[in-house]
Amino acid sequence: MRIIALLLAAGRGARFGGDTAKQFAQIGDRTVLRHAAEALLAEGLVTALLPVCQPSEQAQVAALLAGLPTLAPMAGGATRQASVRAGLEAMSGDAPDLVLIHDAARPIIPGGTIARLIAELADHPGAIPAQPVSDTLKRAEGGVIAATVPREGLFRAQTPQAFRFAPLLAAHRTAAAEVTDDAALLELMGLVVALVPGSERNIKITHPEDLARVTSLMTPALFPR
Ligand code: CTP
Ligand code: MG
(Lines give C-alpha, C1' and ligand atoms only; values in the text may rest on other atoms or scores of the structure.)
(Ligands and ions follow the chains in the order given, each with its own letter.)
Protein backbone atom coordinates (compact mmCIF):
# COMPACT_ATOMS: atom_id res chain seq x y z
CA MET A 1 0.00 0.00 0.00
CA ARG A 2 1.54 3.32 -1.10
CA ILE A 3 0.58 6.28 1.07
CA ILE A 4 1.80 9.76 0.15
CA ALA A 5 1.41 12.63 2.61
CA LEU A 6 0.98 16.07 1.11
CA LEU A 7 2.68 18.58 3.40
CA LEU A 8 1.07 21.98 2.82
CA ALA A 9 3.57 24.78 3.30
CA ALA A 10 2.68 27.32 0.60
CA GLY A 11 0.81 29.74 2.87
CA ARG A 12 2.11 33.20 3.78
CA GLY A 13 0.91 33.21 7.40
CA ALA A 14 -0.78 36.62 7.29
CA ARG A 15 -2.46 36.17 10.69
CA PHE A 16 0.82 35.01 12.26
CA GLY A 17 2.62 38.06 10.89
CA GLY A 18 6.37 38.64 10.88
CA ASP A 19 8.92 38.28 8.09
CA THR A 20 9.08 34.49 7.89
CA ALA A 21 6.12 32.19 7.34
CA LYS A 22 5.05 30.30 10.48
CA GLN A 23 6.06 26.90 9.03
CA PHE A 24 9.68 28.12 9.21
CA ALA A 25 9.47 29.22 12.86
CA GLN A 26 11.75 27.31 15.21
CA ILE A 27 10.57 25.02 18.06
CA GLY A 28 13.60 23.77 19.93
CA ASP A 29 16.19 22.54 17.43
CA ARG A 30 13.95 22.26 14.38
CA THR A 31 11.36 24.14 12.35
CA VAL A 32 7.59 23.73 12.61
CA LEU A 33 7.77 22.25 9.07
CA ARG A 34 10.29 19.60 10.15
CA HIS A 35 8.27 18.71 13.25
CA ALA A 36 5.15 18.27 11.09
CA ALA A 37 7.08 16.08 8.63
CA GLU A 38 8.52 13.87 11.38
CA ALA A 39 5.07 13.56 12.99
CA LEU A 40 3.63 12.32 9.67
CA LEU A 41 6.36 9.67 9.45
CA ALA A 42 6.37 8.66 13.13
CA GLU A 43 3.81 5.84 12.84
CA GLY A 44 5.76 4.23 9.99
CA LEU A 45 2.74 4.09 7.68
CA VAL A 46 3.54 6.92 5.24
CA THR A 47 5.65 5.94 2.21
CA ALA A 48 6.84 9.46 1.32
CA LEU A 49 6.10 13.14 1.82
CA LEU A 50 5.31 15.59 -0.99
CA PRO A 51 5.93 19.15 0.24
CA VAL A 52 4.08 22.01 -1.44
CA CYS A 53 5.53 25.49 -0.92
CA GLN A 54 6.21 28.87 -2.49
CA PRO A 55 8.36 28.55 -5.65
CA SER A 56 11.12 30.67 -4.10
CA GLU A 57 11.29 28.36 -1.07
CA GLN A 58 11.62 24.95 -2.78
CA ALA A 59 15.37 24.64 -2.09
CA GLN A 60 14.97 25.77 1.53
CA VAL A 61 12.17 23.26 2.12
CA ALA A 62 14.21 20.42 0.58
CA ALA A 63 17.12 21.31 2.89
CA LEU A 64 14.90 21.49 5.97
CA LEU A 65 13.51 18.00 5.23
CA ALA A 66 16.91 16.43 4.41
CA GLY A 67 17.22 12.78 5.40
CA LEU A 68 13.45 12.13 5.38
CA PRO A 69 11.66 10.16 2.60
CA THR A 70 10.60 13.23 0.64
CA LEU A 71 9.73 13.86 -3.01
CA ALA A 72 11.03 17.09 -4.56
CA PRO A 73 9.13 20.09 -3.14
CA MET A 74 6.71 21.57 -5.64
CA ALA A 75 5.04 24.94 -6.08
CA GLY A 76 1.66 25.45 -4.42
CA GLY A 77 -1.20 27.69 -5.46
CA ALA A 78 -2.89 30.91 -4.39
CA THR A 79 -5.26 29.14 -1.96
CA ARG A 80 -4.95 26.08 0.25
CA GLN A 81 -7.34 24.26 -2.07
CA ALA A 82 -5.22 25.18 -5.11
CA SER A 83 -2.10 23.94 -3.30
CA VAL A 84 -3.74 20.58 -2.59
CA ARG A 85 -4.94 20.31 -6.18
CA ALA A 86 -1.44 21.01 -7.48
CA GLY A 87 -0.01 18.27 -5.29
CA LEU A 88 -2.67 15.73 -6.26
CA GLU A 89 -2.23 16.44 -9.98
CA ALA A 90 1.55 16.03 -9.60
CA MET A 91 1.15 12.58 -8.05
CA SER A 92 -1.65 11.42 -10.39
CA GLY A 93 0.78 10.02 -12.97
CA ASP A 94 2.03 7.51 -10.41
CA ALA A 95 -1.03 7.50 -8.18
CA PRO A 96 -0.70 6.28 -4.58
CA ASP A 97 -3.44 4.15 -3.01
CA LEU A 98 -4.06 6.60 -0.19
CA VAL A 99 -3.16 10.20 0.46
CA LEU A 100 -2.87 12.23 3.65
CA ILE A 101 -3.32 16.00 3.52
CA HIS A 102 -1.56 17.80 6.38
CA ASP A 103 -1.03 21.45 7.35
CA ALA A 104 2.68 22.14 7.87
CA ALA A 105 1.48 24.57 10.57
CA ARG A 106 0.41 21.58 12.76
CA PRO A 107 3.61 20.20 14.34
CA ILE A 108 1.90 17.73 16.72
CA ILE A 109 0.02 14.63 15.50
CA PRO A 110 -0.85 12.45 18.52
CA GLY A 111 0.37 8.85 18.16
CA GLY A 112 -2.17 6.42 16.70
CA THR A 113 -4.06 9.09 14.74
CA ILE A 114 -2.74 8.02 11.35
CA ALA A 115 -3.41 4.31 11.96
CA ARG A 116 -7.00 5.11 12.99
CA LEU A 117 -7.53 7.28 9.90
CA ILE A 118 -6.20 4.60 7.57
CA ALA A 119 -8.31 1.91 9.23
CA GLU A 120 -11.44 3.99 8.48
CA LEU A 121 -10.53 4.07 4.78
CA ALA A 122 -11.48 0.39 4.54
CA ASP A 123 -15.13 1.48 4.87
CA HIS A 124 -15.11 5.15 3.81
CA PRO A 125 -13.43 7.23 1.05
CA GLY A 126 -12.22 9.76 3.61
CA ALA A 127 -11.51 10.14 7.33
CA ILE A 128 -10.48 13.12 9.44
CA PRO A 129 -9.46 13.78 13.05
CA ALA A 130 -12.04 15.98 14.76
CA GLN A 131 -12.39 17.42 18.24
CA PRO A 132 -15.78 18.06 19.87
CA VAL A 133 -16.53 21.74 20.41
CA SER A 134 -16.33 22.50 24.15
CA ASP A 135 -17.15 26.22 24.29
CA THR A 136 -20.75 27.42 24.22
CA LEU A 137 -21.45 28.81 20.76
CA LYS A 138 -23.16 32.12 20.07
CA ARG A 139 -24.41 33.54 16.81
CA ALA A 140 -23.89 37.32 16.81
CA GLU A 141 -25.61 40.04 14.83
CA GLY A 142 -24.50 43.67 15.12
CA GLY A 143 -22.20 42.94 18.05
CA VAL A 144 -24.85 41.37 20.28
CA ILE A 145 -26.01 37.80 20.72
CA ALA A 146 -28.73 36.73 18.33
CA ALA A 147 -28.85 33.08 19.37
CA THR A 148 -27.09 30.29 21.24
CA VAL A 149 -26.18 27.51 18.84
CA PRO A 150 -26.51 23.99 20.27
CA ARG A 151 -23.02 22.47 20.20
CA GLU A 152 -24.20 18.86 20.28
CA GLY A 153 -22.75 17.06 17.29
CA LEU A 154 -20.37 19.93 16.38
CA PHE A 155 -16.68 19.22 15.83
CA ARG A 156 -13.53 21.14 14.89
CA ALA A 157 -11.84 19.54 11.86
CA GLN A 158 -8.10 18.93 12.10
CA THR A 159 -5.43 17.41 9.86
CA PRO A 160 -3.97 15.04 8.70
CA GLN A 161 -7.05 14.15 6.67
CA ALA A 162 -6.88 10.77 4.91
CA PHE A 163 -8.45 9.77 1.61
CA ARG A 164 -8.52 7.12 -1.02
CA PHE A 165 -6.63 8.84 -3.81
CA ALA A 166 -9.11 8.49 -6.69
CA PRO A 167 -12.20 10.02 -5.04
CA LEU A 168 -10.18 12.91 -3.60
CA LEU A 169 -8.68 13.76 -7.01
CA ALA A 170 -12.16 13.55 -8.59
CA ALA A 171 -13.58 15.81 -5.88
CA HIS A 172 -10.88 18.43 -6.53
CA ARG A 173 -11.36 18.25 -10.30
CA THR A 174 -15.11 18.79 -10.04
CA ALA A 175 -15.05 21.26 -7.12
CA ALA A 176 -17.38 24.18 -7.74
CA ALA A 177 -16.73 25.93 -4.42
CA GLU A 178 -13.73 27.19 -2.44
CA VAL A 179 -13.61 25.27 0.85
CA THR A 180 -11.20 25.23 3.81
CA ASP A 181 -10.62 21.50 4.07
CA ASP A 182 -10.60 18.48 1.81
CA ALA A 183 -13.36 16.57 3.57
CA ALA A 184 -15.75 19.35 2.51
CA LEU A 185 -15.14 18.51 -1.16
CA LEU A 186 -16.13 14.87 -0.60
CA GLU A 187 -19.20 16.03 1.34
CA LEU A 188 -20.21 18.17 -1.68
CA MET A 189 -20.09 14.98 -3.78
CA GLY A 190 -22.37 13.20 -1.32
CA LEU A 191 -19.59 10.93 -0.03
CA VAL A 192 -19.43 9.90 3.62
CA VAL A 193 -16.35 10.99 5.58
CA ALA A 194 -15.54 9.26 8.88
CA LEU A 195 -14.36 10.94 12.09
CA VAL A 196 -11.59 9.70 14.38
CA PRO A 197 -10.68 11.38 17.68
CA GLY A 198 -8.77 14.63 17.32
CA SER A 199 -6.71 16.27 20.05
CA GLU A 200 -6.32 19.58 21.86
CA ARG A 201 -2.58 19.10 21.24
CA ASN A 202 -3.10 19.13 17.47
CA ILE A 203 -2.87 22.93 17.28
CA LYS A 204 -2.73 24.74 13.95
CA ILE A 205 -0.30 27.61 14.48
CA THR A 206 -2.35 30.55 13.26
CA HIS A 207 -1.69 33.52 15.58
CA PRO A 208 1.66 34.34 17.29
CA GLU A 209 0.49 33.07 20.71
CA ASP A 210 -0.14 29.61 19.20
CA LEU A 211 3.62 29.14 18.79
CA ALA A 212 4.15 29.56 22.54
CA ARG A 213 1.35 27.08 23.31
CA VAL A 214 2.79 24.47 20.97
CA THR A 215 6.33 25.08 22.24
CA SER A 216 5.22 24.47 25.84
CA LEU A 217 3.52 21.20 24.80
CA MET A 218 6.61 20.01 22.95
CA THR A 219 9.23 20.94 25.56
CA PRO A 220 8.00 19.65 28.95
CA ALA A 221 11.54 19.99 30.33
CA LEU A 222 11.10 23.75 30.20
CA PHE A 223 8.03 23.48 32.41
CA PRO A 224 8.90 21.03 35.23
CA ARG A 225 6.04 19.79 37.39
N1 CTP B 1 -1.44 26.71 2.61
C2 CTP B 1 -0.92 26.34 1.38
N3 CTP B 1 -1.18 27.11 0.28
C4 CTP B 1 -1.90 28.24 0.37
C5 CTP B 1 -2.45 28.62 1.63
C6 CTP B 1 -2.21 27.82 2.74
O7 CTP B 1 -0.23 25.33 1.28
N8 CTP B 1 -2.08 28.99 -0.72
C9 CTP B 1 -1.12 25.90 3.79
C10 CTP B 1 -0.42 26.71 4.88
O11 CTP B 1 0.99 26.77 4.62
C12 CTP B 1 -0.78 25.97 6.15
C13 CTP B 1 -2.12 25.29 5.81
O14 CTP B 1 -2.31 25.45 4.39
O15 CTP B 1 0.15 24.96 6.48
C16 CTP B 1 -3.27 25.90 6.59
O17 CTP B 1 -3.48 27.23 6.18
P18 CTP B 1 -3.46 28.51 7.13
O19 CTP B 1 -3.38 28.10 8.55
O20 CTP B 1 -4.55 29.42 6.68
O21 CTP B 1 -2.02 29.14 6.78
P22 CTP B 1 -1.70 30.47 5.98
O23 CTP B 1 -2.59 30.58 4.80
O24 CTP B 1 -0.23 30.48 5.76
O25 CTP B 1 -2.05 31.58 7.07
P26 CTP B 1 -3.01 32.87 6.89
O27 CTP B 1 -4.33 32.35 6.42
O28 CTP B 1 -3.04 33.51 8.24
O29 CTP B 1 -2.31 33.74 5.85
MG1 MG C 1 -4.78 30.75 5.07
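Reader: What share of the 225 residues of the protein chain counts as buried?
Author: This is a predicted model, where local features need pLDDT of at least 70 and side-chain atom pairs count only at pLDDT 80 or more, while totals for chains, interfaces and linings use all residues. Residues are numbered from 1 along each chain as its sequence is written, and chains are lettered from A and ligands numbered from 1 in the order in which they are written. Buried here requires 20 or more other C-beta atoms, placed from the backbone, within 10 Å of a residue's own (exposed is 12 or fewer, partly exposed in between). By that count, the buried share of the 225 residues is 36%.

Reader: Which residues have the most contacts inside the largest nonpolar core?
Author: A nonpolar core joins buried Ala, Val, Leu, Ile, Met, Phe, Trp, Tyr and Cys residues through C-beta atoms within 7 Å. The largest has 51 residues. Those with the most contacts inside it are Leu6, Leu7, Leu8, Ala9, Leu33, Leu40 and Val52.

Reader: How many of the 10 residues of helix α1 are buried?
Author: Helices are DSSP runs of H or I with at least four residues, strands are E runs of at least two, and both are numbered from the N terminus. In α1 (residues 32-41), the buried ones include Leu33 and Leu40. Their cover includes β1, β4 (48-53) and β6 (98-103), among others. The helix is mostly covered, and its buried count is 8.

Reader: Is strand β8 largely covered or in the open?
Author: β8 (residues 137-141) is joined by 5 bridges to β9 (residues 144-149), and the two run antiparallel; strands pair when DSSP finds at least two bridges between them. They form a hairpin with 2 residues between them, and Gly142 in the turn has a positive phi of about 60°. Of the 5 residues of β8, the number buried is 0, so this strand lies largely in the open.

Reader: Which elements give two or more residues to the shell around ligand 1?
Author: A residue is near a molecule if its C-beta atom, placed from the backbone, lies within 6 Å of it. Ligand 1 is surrounded by 22 residues, with Ala10, Gly11, Ala14, Arg15 and Ser83 the closest. The elements giving two or more are β1 (3-9) and α3 (80-91).

Reader: Which peptide bond is cis, with omega near 10°?
Author: Look at the loop between β10 (155-157) and β11 (161-164), where Pro160 lies. The cis bond runs from Thr159 to Pro160.

Methods:
Contact = placed C-beta atoms within 7 Å.
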